[in-house]
Amino acid sequence: MNTIPLPFPLKFLQPLDFPRKLGICDRLFGHQLAENGICWVQTSTGIPWKLDLTNPIHRWIVYGKYEGAAFLKWLRHFVPSDGIVIDSGANIGQMLLYIAQWLPQGQVFAYEPGTAQADWLAECLAANPHLPVKLIRKGLGATQTQLKLATPGPQSAHGLWSHISETEGEPIEIVRLTDELGNFSVSQVDVWKVDLEGYEIPAFQGAKELLENQKIRALYVEMGSKNYQETVDFLKQLNYTCYLFDARGQLFNLEQSPHYSFPVWTNGLFLSKAEVKKLN
């Protein structure tokens with residue numbers, strides 16, 4: 001595919017990490033990039049990807065690490081080159097295009113039930129066949145069933161606000177992660193990225209056997225101020241400890257920070273007992 005030319009200063013900045021990079025780059029280059037609309041572009045990873053550059057969230061992928069630069073830096077050292085990563089809520093691949101490049105002998109299982117999002121991701125993966133990603137057009141939940149995926153946001157958001165519903169949206173298939181990994185003969189997962197817009201607890205319930213037996217070394221879970229306590233409590237019962245990244249990109253234990261003010265949303269890194277011991 002042909003990628004659009006990028007401004008030379010942007011190509012220089014792409015591999016660099018610095019505070020507020022995404023916002024700064026968007027002020028400098030956002031208007032110019034947006035004029036290209038939907039196109040193929042060389043991302044900061046060096047991997048070409050189809051993006052809608054009228055969407056500022058897509059432009060972030062051009063500037064640098066999509067979100068969670070500290071997490072991606074941590075993951076690169078945590079997961080071996082033959083590791084297994086589950087990306088549930090993979091969307092158009094915003095996160096997996098960073099992760100997959102570090103697993104040349106490993107595998108990313110990308111769960112995305114939304115048709116538009118999965119089609120977009122499939123096109124990008126077809127253009128990058130070297131990436132070890134298996135796209136699975138299903139959602140994860142507590143039981144195998146049929147539900148619906150509602151997308152109240154604009155089409156340009158490409159599923160950004162999609163959420164599981166029993167009453168409205170496109171029909172989707174829900175499966176249990178425990179069953180899925182059994183089908184793939186996978187006995188242990190290094191990292192499970194969970195971005196399910198409020199459907200996290202059912203997904204955890206569908207992986208309870210794996211979590212009880214500490215077969216998932218770490219989970220990276222999107223949480224909001226309304227549901228973080230439920231997530232923390234559920235995983236704590238299964239002996240996972242919640243850590244967050246501070247402004248310097250360093251991990252801190254949420255339980256040992258009683259005065260921490262939880263933001264509207266953030267991502268928690270939950271580590272198994274064995275991984276916590278390695279930290280201490």
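Helices (H or I, at least four residues) and strands (E, at least two) are DSSP runs, numbered from the N terminus. The model is predicted, so that local features need pLDDT of at least 70 and side-chain atom pairs count only at pLDDT 80 or more, while totals for chains, interfaces and linings use all residues. Residues are numbered from 1 along each chain as its sequence is written, and side-chain values use heavy atoms, with hydrogens and water left out.

**Two loop residues with positive phi**

- Most residues other than glycine have a negative phi.
- Asn239, in the loop between helix H10 (228-237) and strand E12 (241-245), has a positive phi near 70°.
- Arg20, in the loop between helix H1 (8-13) and helix H2 (21-34), also has a positive phi, near 60°.
- Asn239 is partly exposed, with a relative accessible area of 39%, whereas Arg20 is exposed, with 69% (buried means under 20% relative accessible area, exposed over 50%, and partly exposed in between, for a 1.4 Å probe and protein chains only).

**Helix H4 and its two faces**

- The buried residues of H4 are Phe71, Leu72, Trp74, Leu75 and Phe78, and because they cover an arc of only 160° around the axis, taken from the directions from the helix axis to the C-beta atoms, they lie on the same side of H4.
- The face turned away from that buried side carries the exposed residues Lys73, Arg76 and His77.
- An α-helix has 3.6 residues a turn, so residues three or four places apart point the same way.

**The nonpolar cores**

- The largest nonpolar core (a set of buried Ala, Val, Leu, Ile, Met, Phe, Trp, Tyr and Cys residues joined through side-chain atoms within 4.5 Å) has 53 residues, and those with the most contacts inside it are Leu33, Trp49, Phe71, Trp74, Leu96 and Val191.
- H4 gives the most to this core, with 5 residues.
- Apart from this core lies another, of 40 residues, among them Ile84, Tyr111, Phe204 and Ala207.
- Leaving aside its neighbours within four places in sequence, Leu96 is in contact (heavy atoms within 4.5 Å) with residues including Trp49, Asp87, Val108 and Leu121.
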